[in-house]
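These are my notebook entries on one protein chain. I looked up its strands, helices, core and domains in turn.

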Amino acid sequence: MLSGSKLPDDILVNHYKNLAYKSFGIQFLGAKVDILKIKLNKMASAHNLELYNFYDRLVSEDPEAIDIFLHQITVGHTYFFRENAHFEILVNDIKKRSIREPLIWCAASSSGEEPYSIAISLLESGIANFKILASDVNLNALKTMNKGLYHTSRFENMDPVIKQTYFKRASQYYYSVIPKLREYLVLKRLNLHDSLAFESMFDYIFCRNVLIYFSEAGRSKVIDTLVRNLLPKGLLFVGHSEAILSLPDKLDKDSPASYRKN
Ligand SMILES: C[S@@+](CC[C@H](N)C(=O)[O-])C[C@H]1O[C@@H](n2cnc3c(N)ncnc32)[C@H](O)[C@@H]1O
């Protein structure tokens with residue numbers, strides 16, 4: 001326990017850095033340690049908390065403390081139809097392989113723009129029988145996804161006709177997702193660094209723009225988990241800046257940022 005001790009700031013920051021890595025695989029190295037420091041100070045003043053005591057709450061796995069910490073250290077930046085070439089690959093592959101009820105896992109889906117983009121792409125292509133597991137470790141992100149309320153800035157990549165079809169204006173700057181679209185998503189809080197297993201394996205897995213925050217060892221552990229839960233011939237999509245460098249035996253490259261399980 002750290003409370004009451006007189007550790008210098010850098011040592012305390014180091015404790016937080018190790019905890020972020022050990023519990024969630026999120027790595028703060030080099031200049032990023034300064035970013036972590038800023039984030040911790042912000043968190044302390046926003047929640048009026050004392051960083052020594054708060055660290056103890058995290059170590060004892062206080063759920064409220066974990067939510068506050070995760071909200072601060074994760075980067076949830078996302079928007080509708082981000083890296084949208086993947087959605088076309090997905091639709092074509094479902095049609096080509098005649099998959100009747102595709103099961104899709106959108107891991108690290110942040111506030112939901114990504115799984116909702118997947119659902120819209122499928123519906124617009126005449127595919128209506130599918131389910132998407134949308135998961136993230138950040139509870140606040142899941143709450144936003146559940147509410148389905150989005151600021152206009154998130155829609156810049158979306159065709160206005162599509163926007164009108166699947167969203168209703170809620171206020172001057174916010175739109176909410178129509179209930180029909182929400183029904184395709186099953187939301188779950190999942191930490192990619194846990195050893196995850198599901199009742200059914202997935203036809204497709206999206207795990208985009210999160211691997212960059214993990215160490216090399218963490219990345220390959222997470223990729224193993226994803227591959228284990230992917231059906232043979234299924235596709236794994238990663239972010240375009242996250243090409244998998246040491247490809248596991250079970251994966252073949254399919255497009256610049258998608259991999260097929262053999
Ligand atoms: C930059 S967003 C990416 C969102 C979306 N996939 C996209 O490409 O737009 C990264 C997300 O990864 C989540 N994340 C970070 N570490 C995680 C972990 N260990 N397990 C699950 N999700 C995690 C964060 O909470 C955040 O919502």
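**Entry 1. The hairpin and its surroundings.** I began with S9 and S10, which a hairpin of two residues connects. The model is a predicted one. I read S9 as residues 251-255, and found it paired with S10 in the antiparallel sense through four bridges. Within this pairing I noted Lys-253, whose bridge partner in S10 is Tyr-259.

I then looked at the pairing of S10 (residues 258-261) with S8 (residues 230-238), which is antiparallel and rests on three bridges. Tyr-259 appears here as well, as the bridge partner of Leu-236. I also recorded Leu-235, which stands opposite Arg-260 in S10. In a regular strand, side chains alternate between the two faces of the sheet.

**Entry 2. The seven-stranded sheet.** In which order do the strands of the open sheet of seven run? I read the order as S6-S2-S1-S7-S8-S10-S9, and the pairing is mixed. S6 (185-189) and S9 are the edge strands; each has a single partner strand, so one side of each lacks a neighbour in the sheet. I noted an average turn of 20° between neighbouring strands, direction ignored.

Next I checked the helices against this sheet. H10 (residues 216-228) packs on the sheet and touches S7 (202-207), S8, S9 and S10. The direction of H10 makes about 140° with that of S8. H7 (residues 139-147) lies across S2 (131-136) and S6, and runs at about 165° to S6.

**Entry 3. The three-stranded sheet.** I found an open sheet of three strands in the order S3-S5-S4, with antiparallel pairing. Its edge strands are S3 (149-151) and S4 (167-169), each of which pairs on one side only. Neighbouring strands in this sheet are turned by 35° against each other on average, direction ignored. S3 and S5 (residues 174-177) run antiparallel and are joined by three bridges. In this pairing I placed Leu-149 opposite Ser-176 of S5.

**Entry 4. The nonpolar core.** Which residues have the most contacts inside the largest nonpolar core? The core has 62 residues, and I listed Cys-106, Ala-107, Ile-118, Ile-132, Ile-205, Cys-207 and Leu-236 as those with the most contacts inside it. Domain 1 (9-73) and domain 2 (85-261) each supply at least three residues to this core. Leu-236 is the residue I had already met as the bridge partner of Tyr-259.

I followed Cys-106 further, leaving aside its neighbours within four places in sequence. Cys-106 is in contact with Glu-114, Pro-115, Ile-118, Ile-132, Leu-133, Ala-134 and Phe-206.

**Entry 5. Two residues with positive phi.** Most residues other than glycine have a negative phi. I noted Asn-48, with a phi near 50°, in the loop between H2 (32-46) and H3 (51-59). Is Asn-48 buried or exposed? Asn-48 counts as exposed, because 6 C-beta neighbours lie inside 10 Å.

I also noted Glu-83, which is not a glycine and has a positive phi of about 45°. Glu-83 lies in the loop between H4 (63-73) and H5 (85-96). Glu-83 has 18 C-beta neighbours inside 10 Å and therefore counts as partly exposed.

**Entry 6. The two domains.** The domain assignment gives domain 1 (9-73) and domain 2 (85-261). Their centres, taken over C-alpha atoms, are separated by 28 Å. I found that seven residues from domain 1 and twelve residues from domain 2 form the contact. On the side of domain 1 that touches domain 2, the largest share comes from H4, with three residues.

**Entry 7. The whole protein.** Last, I took the overall values. The secondary structure amounts to ten helices and ten strands. Of the 262 residues, 33% count as buried. Of the contacts between residues at least 6 apart in sequence, 72% join residues at least 24 apart. The C-alpha atoms fill a box of roughly 65 × 50 × 30 Å along the principal axes.

Which radius of gyration would a compact globule with 262 residues have? I noted a value near 18 Å for such a globule; the protein has 20 Å, which agrees.

Notes:
Residues are numbered from 1 along each chain as its sequence is written. This is a predicted model: local features need pLDDT of at least 70, side-chain atom pairs count only at pLDDT 80 or more; totals for chains, interfaces and linings use all residues. The radius of gyration is taken over C-alpha atoms; the globule rule is 2.2 Å times the number of residues to the power 0.38. A residue is buried if 20 or more other C-beta atoms lie within 10 Å of its own, exposed if 12 or fewer, and partly exposed in between; C-beta atoms are placed from the backbone. Two residues are in contact if their C-beta atoms, placed from the backbone, lie within 7 Å. Two strands pair if DSSP finds at least two bridges between them. Axes are lines fitted to C-alpha atoms, for helices over the stretch in contact, and angles run from 0 to 180 degrees between N-to-C directions. A nonpolar core is a set of buried Ala, Val, Leu, Ile, Met, Phe, Trp, Tyr and Cys residues joined through C-beta atoms within 7 Å. Domain bounds come from an automatic or database domain assignment.
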